[in-house]
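Good morning, and thank you for joining this meeting. I would like to take you through one protein structure, from its local details to its overall division.

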Amino acid sequence: YPSAPPNSLVSFLRVDTTTLQNQIDELSTFSDTPAPSVTRILYTEKDVLARRYIKNLMGLSGLSVREDAVGNIFGRWDGYESDLVPVATGSHIDAIPYSGKYDGVVGVLGAIEAINVLKRSGFKPKRSLEVVLFTSEEPTRFGISCLGSRLLAGSEALAEALKTTVDGQNISFLEAARSAGYAKEHDDISSVFLKEGSYSAFVELHIEQGPILEAEGLSIGIVTAIAAPASLKVDFEGNGGHAGAVLMPNRNDAGLAAAELALAVEKHVLGSGSIDTVGTVGILELHPGAINSIPSKSHVEIDTRDIDEKRRNDVIEKIHQSATKIASKRGVRLSEFKIVNQDPPALSDNSVIEAMEAASKELNLTHKLMISRAYHDSLFMARVSPMGMLFIPCYKGYSHKPEEYASSHDMGNGVKVLAMTLAKLSLN
Ligand code: GLV
Ligand code: MN
Ligand code: MN
Ligand code: MN
């Protein structure tokens, strides 16, 4: 091939949407909860089986497969100038409790299919193309989001923290990783860090997880920026006691402190004055959790995000002030206020945006530029590579619930644009 993909490549790109849909359905059966929900938690038996399924497909597509110390999986198609820096694409296959089949999965199975599409078309990449499966984009098990990509981007703080991180069952990260065949005795977590300049570009295909593309009848979203996510863990401690015998004036109810903080989160988020500020209390636990016992401990986990980092940080500060005030007013102890992560937003790179736009146009697919309100491994890949993301429509914007759905047709479009984008970036 000459230095740009021939325009005729367009007419040779054929996506096998039937097989892709079958693979999505099959992968969804590796779940700890019944269909239509999917629950696939890091390093569990179902996660290990799902990983095996993906590695097998990578092998069938002729990719050479490599795994790092935390289980990021890389499948490489060697380019004809294999000493050039490769182009990468990929996403995650872990699924939060009671979620759906498509979040992340479309960007992994779709990436493997994009490779198949290019192979069938006769295309030969100049730069190598790599499909990446990222470990634990979801924070479910160890509380930390984008675990694999955060490490790839070189987070020393995370590599250090993982030495002592445990899950809700008190199983250590390292023990869990070992049970899945990773983090072997001689492995060092920092071996996962990518060297600067490991990829010339990174592209992630993902369902939109919002309603815009479907509502506007568009095929492709081209992501220009990813909103800044943060998460907090808060603990209150009171004296507890008998639900009948302790009179109301004598209580210091840790549960009510948590409830009040949850409402304060909503108040501060709405008070930012921007529709782009969001906040959620998705975890609220009471101890001992008995109907006739005043909660002596409560645990709250808060997710807050914004396109504007400073505005998001102001909300965090206000949540902290509220937590302190509520504790003193209710006579409970604020025993923990921990900012688990407080990440900046990420911008897509113009070179990748241009390639995605050109691919959409050549394929005659309608598209729009948009932001991602959800976070993705791309947020961290942007730190070590020029990054871009492709969105496809999903039913009513549903995500993180069993009703999540994207049509085979829309997935096929996404895979085609991904294939064409990879072809372009590979020849760059
Ligand atoms: C990703 O799953 C997110 O919560 O944005
Ligand atoms: Mn998700
Ligand atoms: Mn996702
Ligand atoms: Mn805690």
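**A hairpin, two sheets and two domains**

Let me begin with a hairpin: strands E2 and E3 are joined with five residues between them, and in the turn Gly 71 has a positive phi of about 95 degrees. Helices (H or I, at least four residues) and strands (E, at least two) are DSSP runs, numbered from the N terminus. Before going further, I should state that this is a predicted model, in which local features need pLDDT of at least 70 and side-chain atom pairs count only at pLDDT 80 or more, while totals for chains, interfaces and linings use all residues. Residues are numbered from 1 along each chain as its sequence is written, and chains are lettered from A and ligands numbered from 1 in the order in which they are written.

Returning to the hairpin, strand E2 covers residues 64-67 and runs antiparallel to E3, with four bridges joining the two. Two strands are said to pair if DSSP finds at least two bridges between them. Within this pairing, Ser 64 has Arg 76 of E3 as its bridge partner. E3 also pairs with strand E6 (residues 129-134), in the antiparallel sense and over five bridges. There, Ile 73 stands opposite Leu 133 in E6.

Is strand E3 enclosed or open to its surroundings? Four of the five residues of E3 (residues 73-77) are buried, so the strand is largely enclosed by the rest of the structure. A residue is buried if 20 or more other C-beta atoms lie within 10 Å of its own, exposed if 12 or fewer, and partly exposed in between, with C-beta atoms placed from the backbone.

This brings us to the nonpolar cores. A nonpolar core is a set of buried Ala, Val, Leu, Ile, Met, Phe, Trp, Tyr and Cys residues joined through C-beta atoms within 7 Å. The largest one has 94 residues, and those with the most contacts inside it are Ala 114, Ile 115, Leu 390, Leu 418, Ala 419 and Leu 422. A second, separate core has 21 residues, including Ala 254, Ala 258, Ile 302 and Ala 323. Two residues are in contact if their C-beta atoms, placed from the backbone, lie within 7 Å. Neighbours within four places in sequence left aside, Ile 115 is in contact with Ser 61, Leu 63, Trp 77, Leu 129 and Val 131.

I turn next to a glycine in helix H13 (residues 408-427), namely Gly 414. Gly 414 counts as buried because it has 28 C-beta neighbours inside 10 Å. Again leaving aside neighbours within four places in sequence, its contacts are Val 106, Gly 110, Leu 205, Ile 220, Leu 390 and Ile 392.

Now to another sheet. Four strands form an open sheet in the order E11-E13-E9-E14, with antiparallel pairing. Strand E11 (278-287) and strand E14 (333-342) stand at the edges, each with a single partner strand, so one side of each is left without a neighbour in the sheet. E11 pairs with strand E13 (residues 297-306) over nine bridges, and Glu 285 has His 299 in E13 as its bridge partner. Helix H9 (residues 254-270) lies across strand E9 (228-237), E11 and E13, at about 10 degrees to E13. For such angles, axes are lines fitted to C-alpha atoms, for helices over the stretch in contact, and angles run from 0 to 180 degrees between N-to-C directions.

Some backbone details deserve attention. Most residues other than glycine have a negative phi, and most peptide bonds are trans. The bond from Ala 35 to Pro 36 is cis, with omega near 5 degrees, and Pro 36 is found in the loop between helix H2 (17-28) and strand E1 (38-40). A further cis peptide bond joins His 287 and Pro 288, with omega about 5 degrees; Pro 288 lies in the loop between E11 and strand E12 (293-294).

Which phi values stand out at Tyr 43 and His 400? Tyr 43, although not a glycine, has a positive phi of about 65 degrees, and Tyr 43 counts as buried, with 27 C-beta neighbours inside 10 Å. For His 400, phi is near 55 degrees, also positive; His 400 is partly exposed, with 16 other C-beta atoms within 10 Å.

Finally, the overall division. The protein is divided into domain 1 (9-227 + 345-427) and domain 2 (228-342), with bounds that come from an automatic or database domain assignment. Their C-alpha centres lie 33 Å apart. Ten residues of domain 1 are in contact with nine residues of domain 2.
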